[in-house]
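Reader: Could you walk me through this one, telling me how each label is earned?
Author: Gladly; let us put the values next to their definitions.

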Amino acid sequence: MPVPTPFHPRTSGLCGSLLWKEWSGYYAVRSYDTCHEREYYALRHAAGLIDVSPLFKADLYGPDAAALLSLVTVRNLRKLRVGRVTYLCWCDDDGKVVDDGTVTRIGEQHYRLTGNGPLCGWLARYSDGFDVNVEDTSDAYGALALQGPLARAILVAAAGPEIEQLRFFRGRESAIGGIPVLITRTGYTGDLGYEIWVERDRAVEVWDRVMGAGRPYRIQPAGLDAMDVTRIEAGFVLCGVDYFPAHHCMLDSRKSSPYEIGLGWAVNLDREPFVGQRALREEVARGAVWELVGIEYDWDEYEALHAEYGLPPQVTSGAWRDAVPLYDTRGRQIGQATSGAWSPLLKKNLALATVRTGHAAPGTRVRVEVTVEYERRNVGATVVKTPFFDPARKKA
Amino acid sequence: MSEHPHSSHYDAIVIGGGHNGLTAAAYLAKAGRKVLVLERRHVLGGAAVSEELYPGFTFSVCSYVVSLLRPHIIRELELARHGLEIIPLEASFLPLPNGDSLTRWSDPERTRREVARFSRHDSERLPEFSLAMTKLCWLAKRIIDEPAPDPASLAPRELLKLLRLGRTMKDDPTDLRWLNFKLLTMSAVDFLDLWFESDVLKAPMSVSGIIGTFLGVRSPGTAYVLLHHYMGEIDGAFRAWGFSKGGTGGISLAIANAARAHGAEILEQSGVERVLVHGGKANGVVLENGDTVRASTVISSVDPNRTFLRLVGEEHLEDEFAAQIRRYRLRGSSGKVNLALDRLPEFSCRPGDGPHLHGDIAIAPSIDYLERAYDEAKYGDFSERPYINVVIPSLVDPTVAPPGKHVMSCFVQYAPYDIKEGPEHWPERREAFGDAVVDTLAEYIPGLRESILYRQVLTPWDLEQEFGLTEGNIFHGELSLDQLLFLRPAAGWARYRTPIEGLWVCGSGTHPGGGIMGAPGELAAKTMLQSRAL
Ligand SMILES: Cc1cc2nc3c(=O)[nH]c(=O)nc-3n(C[C@H](O)[C@H](O)[C@H](O)COP(=O)(O)OP(=O)(O)OC[C@H]3O[C@@H](n4cnc5c(N)ncnc54)[C@H](O)[C@@H]3O)c2cc1C
C-alpha cells in the first residue's frame, strides 16, 4: 500500500477523478480531472503545480561532500559553486547508468542529491574514508514543481522579488509566508519552472501559499499524466521507461551507458577516478552502440494508414510507454521507441527512441510500429534533434 | 506613415495581411519566391487580430475562437515554433433566464447527465449525433483540404477528382449520403429536429447555423453553415474549438513569423489603392500613399467585391463576371462587443468561477428567442435581445489581462449592415447597440455593468470601415450553397485564378470559405506553384 506525501491533505481533496498511481511507494495524482488536458495546457500556458515529493533526496554535509559526489557520479562537482544546480547521472563499475538526478550546492559544505531511486545505500558503498555525513532526507521534505510560463510571476508573489533574479539551474534558500524553503530553477517539463523544497510539517502551508498566489494567474494543480507529455516534448528520458537502472537489470543488454541515453554531455571523463570511468573511457574510444534520439511520425502517412481502415487518424491523449520496434527503411529492426506522445502544441506524434548509432543522425528515415484495428503496421518517421519543444523562456 | 518596400523586384505582391494573405505569402516564400505583403492597417491579422485596446487588456478584436485552422498548415509552416499555441475550450455553457443552465462538457458522460435533466431521449441520442457529424466532417474534410472540383471541366484530372468524391460518398452508408444531401438544403433547426426534442439543447446547437449569415435558424440552407462550424478539428477530434494564446492575432503573427523566416517582406500601413492592369494583365499595385510597386503576379486576400469592383475596377472586367461579383451576397449581420472587466463575471444561475466558464457561453435560451432576434433584423433593426456568443479567454490564457481581471468577448447577432436608416448611420446607433448587448447580458450577470472598465462596440459598418470587410461580412461572403465550392466567388473562377491574368485571389471569399482556416491562402499558393504561375 502506498503512503501519502506531505501534500496529500490538499491533493486528495482536489483529485476528483480518483486517478492515482503509485510512485516510489507514494500516492501520486495521475490527473485531477478525468482527462489531464487542462493540466497539460496550464503547464504550457499558465502554470501547473505538481507534487514531486516521491523523488528520493539525500543531503550531504562535510568537507568531503563534493569529493564523494564527484567519485560516485559522472560529474566533477568540486567546481560547483554555492547556489548552483547540476543535472547528472551515476554509473556502476561497468559504466552503466544506475540513476539520474540533480545536485544542488546549498552551502559551503552542504549538497542535496535527488534521484528516481534510493540514494543513500548507493552512496554508502563508496563513502568509506570520506569526511561526510549522508542523511536520507527523502521523507523529511516535500517537493513541489511549479512549472509554466507564469511560474516566475507566481513565485515572486509568493516568495518575494529576489526570485526574479534566480537563473536557470540556480537555487537559493528563501521563505514562503515565513516558512523556510529551498527554491531551485529546475523541473521536468522543459519550460520556465521551479522546484520548491520544504520541510514536511510545513508542506501544506506552502501549498496553500503558492496556490493562493497563483490563483489570479490561473494556476492548476497538475498530475503526472500531464507532466509525462511535457517531459516527452522536452526530450527528457525517464528512468525505468527509456532506460533501466543497471543494478536492477536481468540482462546486460538492457543496461545503458550515459552516452547511450543522451547524457554523454554530463560526463567529465578526464579527471580524478570516478565510478565507471575506465569503462566509459573504453566506450568513448570504441564508440557507443546505441543512441537515444527523438523521432517524429509522418503525419500524412499516419492519416493515410488510418484511412485504409475507414478511420480518421487517432491520436492518443496521453503519453505512452510500452515500447514498440523501430525499423530501417529496408525493414530491419534498428531499435525501439520507448515512450511517446501526441504533442497538442506541436501537432506532431513524438517519441523517444533508442537506435543503433548508424541510424541516429537527424534526418534519418525510420519506420515505427503502430497498431490500427488490431493489425500491426508501421509508418515512416524521421530522427530529429531533441528537445522537440524548447521555449526561450525556459532559460530567459 | 507608411514604410517603403525594400526591393524593387518581387515575384508576387499579396494584398492584405490577414491570416490567409500571410499563409499564401508563407507558402510562396517557402517555395523560394520573393513576396511582398501589403497591409492597410497598423497591425497584421485582419479579422484574426489581437490588439491591446485598453492598457493591460489584449483583445481578440474580431474572431475569438479557432478550430478550422488546418492542422497540416500548422505542421508545414511549423507554426508552433513560430509562436502558435491553441488551448481547447472545455465547455459550452448556456445560462437560462429561469435560473437554470445547461453545460455541455468535453466529458461525454458529464454532458449526458446534464442533458438528461432536460430530455433523457436527447441525452441518449447525443453520441449517435456525434458519430454522424464526425463521419460527415470527415467527408467534408476531403473537400476543404483540396481546391474545389470543377464540374464543368472535361479534363481527366477533374473528372477523376469528381469521381473520387462520388466514390467516397458511395462507400459511405446510404443513410449518411442521404444525410449529407439533406444537410445541404435544410434549416439548422429542421436538421437538429431529426435527432433532438429539447429546445434547451437545440437552441444553442442551432446557432452554429447562422453565424455570419443573414438567415435565421429556421431558414433553409443554415444546416450547411452548422456543418461548416463543426468541421474544425483539434488533434483529430472534430468539433473542437480552442483559444489562441494571446488572442487570435497570435495565429496571424505566427504565420507572419513563418513567412518572414522564409524571406517574405511584410509592410503594415500600406493600403493598396488599386491594382495596375495593363492589356488584361495585372502588373503591380498603387499604394494609398501614391507609391507604385511592380510585380507580374498580384494576389488579393481581400473580399471579392473589394478586389474586383474597387481595386481592379469594372472597366477591366467582362460584364458577365462583374455582374456575378455584384450579385455575390455579403450583407453582414453580426457585430462584436469587447469588454475589459475588473472582476470575473458572476452568472446568477451558476455563480462563481468554474470550468463551465472555460469555453463559450451562449445567450440563446430558445429557438423562438433566436427567431425573434432575426425578425427584428429582417426589418432593418439590430436585435434588442440578440444571440450572443461570449468567451472569457483570460480564464485559460491569463496573459491577456492583468491578474484577477478579465477580457470578455461578445459576438453578437443580429446587427444587419443595412439598418433602416442606412448603413452610414450606424455610428449614431453604435452605443445603443452596445447597450442592448450589455443589457441582455446583465439579465444573466447582474453585476456586469459595474465591472466594465472599457467597452469597444463594433458594428458591421465598423467592420467595413476599419477592417475592410465589405458590408461587414465576417466571412467575405455568405456561406450559402450558391456561394460555395466551385461557385466561390464566381462560377468558373473558384480556383484562385481570376479573369485578369496575373491576378489571383486567396481570401475567405474563395474555396473553402471563411473562418480562421488558412485553407484559401494555402490552396491558392499551392495551385499557383503547381501551375507555375510564378
Ligand atoms: C467579428 C468577427 C468574428 C469572427 N469570429 C470568428 C471565430 O470566432 N472563428 C473563426 O474561425 N472565424 C471567425 N471570423 C471569421 C474569420 O475571422 C475570417 O473569416 C478570417 O479571419 C478572414 O481572413 P482573411 O485573411 O481571408 O481576410 P481578412 O482577415 O479580412 O484579411 C484581409 C486583410 O486585408 C486588409 N486590407 C483590406 N483592404 C486592403 C487594401 N486595400 N490594401 C491592403 N490591405 C487591405 C485588411 O486590413 C485585412 O488585414 C470572425 C470574423 C469577424 C469579423
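Reader: What makes about 2,300 Å² the area that chain B and chain A bury between them?
Author: Buried area is the accessible area (1.4 Å probe) that two parts lose on being put together, summed over both. Chain B and chain A bury about 2,300 Å² by that count, with 58% of it on carbon and sulfur atoms. This is a predicted model: local features need pLDDT of at least 70, side-chain atom pairs count only at pLDDT 80 or more, and totals for chains, interfaces and linings use all residues. Residues are numbered from 1 along each chain as its sequence is written, chains are lettered from A and ligands numbered from 1 in the order in which they are written, and side-chain values use heavy atoms, leaving out hydrogens and water.

Reader: Why is the pair Glu85(B) and Arg393(A) called a salt bridge?
Author: The term asks for a side-chain nitrogen of Lys or Arg within 4 Å of a carboxyl oxygen of Asp or Glu. In Glu85(B) and Arg393(A) the closest N and O atoms are 3.9 Å apart, so the pair meets the rule. The rule finds three salt bridges across this interface.

Reader: How do you know that Ser508(B) makes a polar contact with the ligand?
Author: A polar contact is a pair of N or O atoms within 3.5 Å; within protein, one must be able to donate a hydrogen and the other to accept it, and residues adjacent in sequence count only if both atoms are side-chain atoms. A polar side-chain atom of Ser508(B) lies 2.8 Å from an oxygen atom of the ligand, so the pair qualifies. A polar backbone atom of Ala47(B) is also 2.8 Å from a ligand oxygen, and one of Tyr64(B) is 3.2 Å from a ligand oxygen.
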